[in-house]
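User: I would like to go through the reasoning behind some of the labels used for this model. Please set each value against its cut-off.

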Amino acid sequence: MDTKTAFEYSKEGSILKLKGDLDSQGVHGLETAMDADNIFTLDFDEVSSVNFAALRALLRCRRNGIRFNIINASSDVIEMFEDTGVSSFLNVFRKPKGLDISKYDEFGGGYLSRSFNSEDGDSMLKYYGKRVPAEVVYREKSVARKVFLFGIPTPMVGPLHCSDGNFAIDFERIEGKRSLSRVIADEPERLEEITVKFANMCKELHSTPCDTNMFEPRVDAYRNAVLNCKDITDDEKATALGFIDSIPAATTCLHGDMQLSNIITNGEDYLWIDLSDFGYGNPMLDIGMWCFLSILNSEQRIDQIFHLTKEQITRCWRIFAREYFGADTEEKQGEVIARVMPFAALHMIYLGSTYGFEPELFGFINKYFG
């Protein structure tokens, strides 16, 4: 007797709740409910099984430009994805574990998350604020694992947790680690040494060919952010999209949030962290982010992110421009800034679309895309 549950789904915005046994016919139904302009969440909480035909159909959806995360998958479903290797190409997540935050000791935090150490000292918990969309958390867990497997130096990633609507991820704890910005804050006499190290690591990353089957082109994320942004004018959108189309293509690695706080060191090893936006593309997309955070940010935000003064971070930018671009004169430094500024404005649209716009962003965006 066939006891399989007939497959069905319901849609709420970009979330599709699935139920039953997923086959290729079911995936075809899902495909008609999704498009390439949004990122969708497929909730597998009530999916009992997935067959080979369904996996092949899901891969076809991804190849056709439809982006989605699969969440709340059962152990049996996860096993099917992992046995076939499909989990290397699609983002598939188990149901998050519960979280008792009292079992962790808080030791720091940034603009969008707080950091805790586990009781046994083996792991570090990254606890996200409610401002961070769930899709960003899921993406960071997936991408961090792929980056580790790809061979980029980074801590190992562990389980996903959820408590009272807040997500958290366990990461390998690096004993004695400090971010590069914290090293400079603690030992300001090392500012030049550490910034040169940062510039060299960025150059190395940007010269590393990326696996274009495993990772996504970063330019697509910027294009989608512009297309879906409701806070800029149609004229600004058109100009920004024209600029995106003019960016020379590249397939080398990009961090996506490249800055001094996103490399940690214990004095011996240097590791990249905060990898939710890792992908491939033109290195100027990364440079735009670093420019935005370093020389275009407010003193308050610079202190919050880097624990440095405006003067210190400006020096870091100048040293970086010298080491990365060979900009060893004021004139060359000015030329670098002129090249980077439109990329910084583009990144402001991306950040605003993801986390919400702040008033000071609009004037700068209008200056380059208005």
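User: What makes Arg218 count as a charge over the ring of Tyr350?

Analyst: In this predicted model, the charged end of Arg218 lies 5.1 Å from the centre of the Tyr350 ring, and the distance cut-off for such a charge is 6 Å, with a further condition of 35 degrees from the ring normal. Lys197 is likewise placed over the face of Tyr270, at 4.5 Å from the ring centre.

User: Why is the pair of Phe198 and Phe320 called tilted?

Analyst: The ring centres are 5.6 Å apart and the planes of Phe198 and Phe320 meet at 40°; since planes under 30 degrees apart count as stacked and those over 60 as edge-to-face, the rest are tilted, and this pair is therefore tilted. Phe198 belongs to helix H6 and Phe320 to helix H11, so the pair ties together parts that are 122 residues apart in sequence.

User: How do you know that Phe198 is buried?

Analyst: Buried means under 20% relative accessible area, and Phe198 has 0%, so it is buried; Phe320, also at 0%, counts as buried too. Both residues are part of one aromatic cluster, which includes Trp290 and Trp317.

User: Why are H9 and H12 described as roughly perpendicular or roughly parallel, whichever applies?

Analyst: The axes of H9 and H12 cross at roughly 85° and come within 7 Å; angles of 65 to 115 degrees count as roughly perpendicular, so H9 and H12 are roughly perpendicular to each other. By class, their contact has 15 nonpolar, two polar and one charged residues.

Methods. Residues numbered from 1 in each chain as written. Predicted model: local features only at pLDDT ≥ 70, side-chain atom pairs only at ≥ 80, totals over all residues. Heavy atoms only, no water. Axes fitted to C-alpha atoms, helices over the stretch in contact; angles between N-to-C directions. Helix = DSSP H or I, 4+ residues; strand = E, 2+ residues; numbered from the N terminus. Parallel < 35°, antiparallel > 145°, perpendicular 65-115°, else oblique. Nonpolar A, V, L, I, M, F, W, Y, C, P; charged D, E, K, R; others polar. Phe/Tyr/Trp six-rings, centres within 6.5 Å; stacked < 30°, edge-to-face > 60°. Buried < 20%, exposed > 50% of the residue type's maximum accessible area, 1.4 Å probe, protein only.
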